[in-house]
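Visitor: Could you zoom in on one spot in this model and walk me through its surroundings? I'd like the local picture, then how the neighbourhood ties together.

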Amino acid sequence: MAFLSRPTKTKESTCTHAPQTIAAPSGAVCEECGSQFSLRLCTECGHVGCCESQAGHARQHALTHHHPVIKSLPLSDEHFTWCYECNRYV
Ligand SMILES: [Zn+2]
Ligand SMILES: [Zn+2]
Ligand SMILES: [Zn+2]
C-alpha cells in the first residue's frame with residue numbers, strides 16, 4: 001500500500017484528509033484552556049483541544065490550521081474519528 005501521490009477526491013464516501021501517521025498527543029489537557037475531559041487530538045500535529053460543549057478549542061485548531069481530522073481522547077476501543085472537512089465520522 002504505497003501511494004506515490006496523495007489520493008484525490010474521487011469518492012465522496014472516502015475521507016482523504018487523515019494523515020497516514022497519527023501524531024502523538026502533546027499532553028493530557030487542552031493546550032488552550034487546560035480542560036482535562038472530552039479532549040480531541042489533532043491527528044496531523046498532536047494538538048490537544050477541548051470539545052464543542054466546552055470552549056471548542058479542538059474545532060478552532062482544526063479550522064485555523066487546516067488540520068480537519070481529530071480523534072477523541074483517550075484512544076480507547078471506543079474512540080471516534082471526526083473530519084471537519086467532510087463533516088462526518090470517518
Ligand atoms: Zn475528510
Ligand atoms: Zn479548551
Ligand atoms: Zn493540528
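Guide: Thr-43 counts as buried, because it has 23 C-beta neighbours inside 10 Å and the cut-off for burial is 20 or more. Keep in mind that this is a predicted model. Thr-43 sits in the loop that links β1 (39–42) to β2 (48–50). Who's around it? Skipping residues within four places in sequence, Thr-43 is in contact with Ala-18, Pro-19, Ile-22, Ala-23, Val-69, Ile-70 and Lys-71. Take Val-69: it is 26 residues from Thr-43 along the chain, yet their C-alpha atoms are 6.0 Å apart.

Val-69 and Ile-70 also lead us into the largest nonpolar core, which has 11 residues. The other members are Cys-30, Leu-39, Leu-41, Cys-42, Val-48, Cys-50, Ala-58, Ala-62 and Trp-82. Two or more residues each come from β1, β2, α1 (57–65) and β3 (69–72), and β1 is the top contributor with three.

Pick Cys-50 from that set: beyond four places in sequence, its contacts include Cys-30 and Leu-39, plus His-57 and Ala-58. Those last two bring us to α1, where His-57, Ala-58, His-61 and Ala-62 are buried. Looking down the axis of α1, the buried residues fall within an arc of 140°, so they line one face of the helix. The cover over them includes β1, β2 and β3. Just after α1 comes His-66, with a positive phi near 55°.

Methods:
Residues numbered from 1 in each chain as written. Chains lettered and ligands numbered in written order. Predicted model: local features only at pLDDT ≥ 70, side-chain atom pairs only at ≥ 80, totals over all residues. Helix = DSSP H or I, 4+ residues; strand = E, 2+ residues; numbered from the N terminus. Buried ≥ 20, exposed ≤ 12 C-beta atoms within 10 Å, placed from the backbone. Contact = placed C-beta atoms within 7 Å. Core = buried A, V, L, I, M, F, W, Y, C linked by C-beta atoms within 7 Å. Arc of directions from axis to C-beta.
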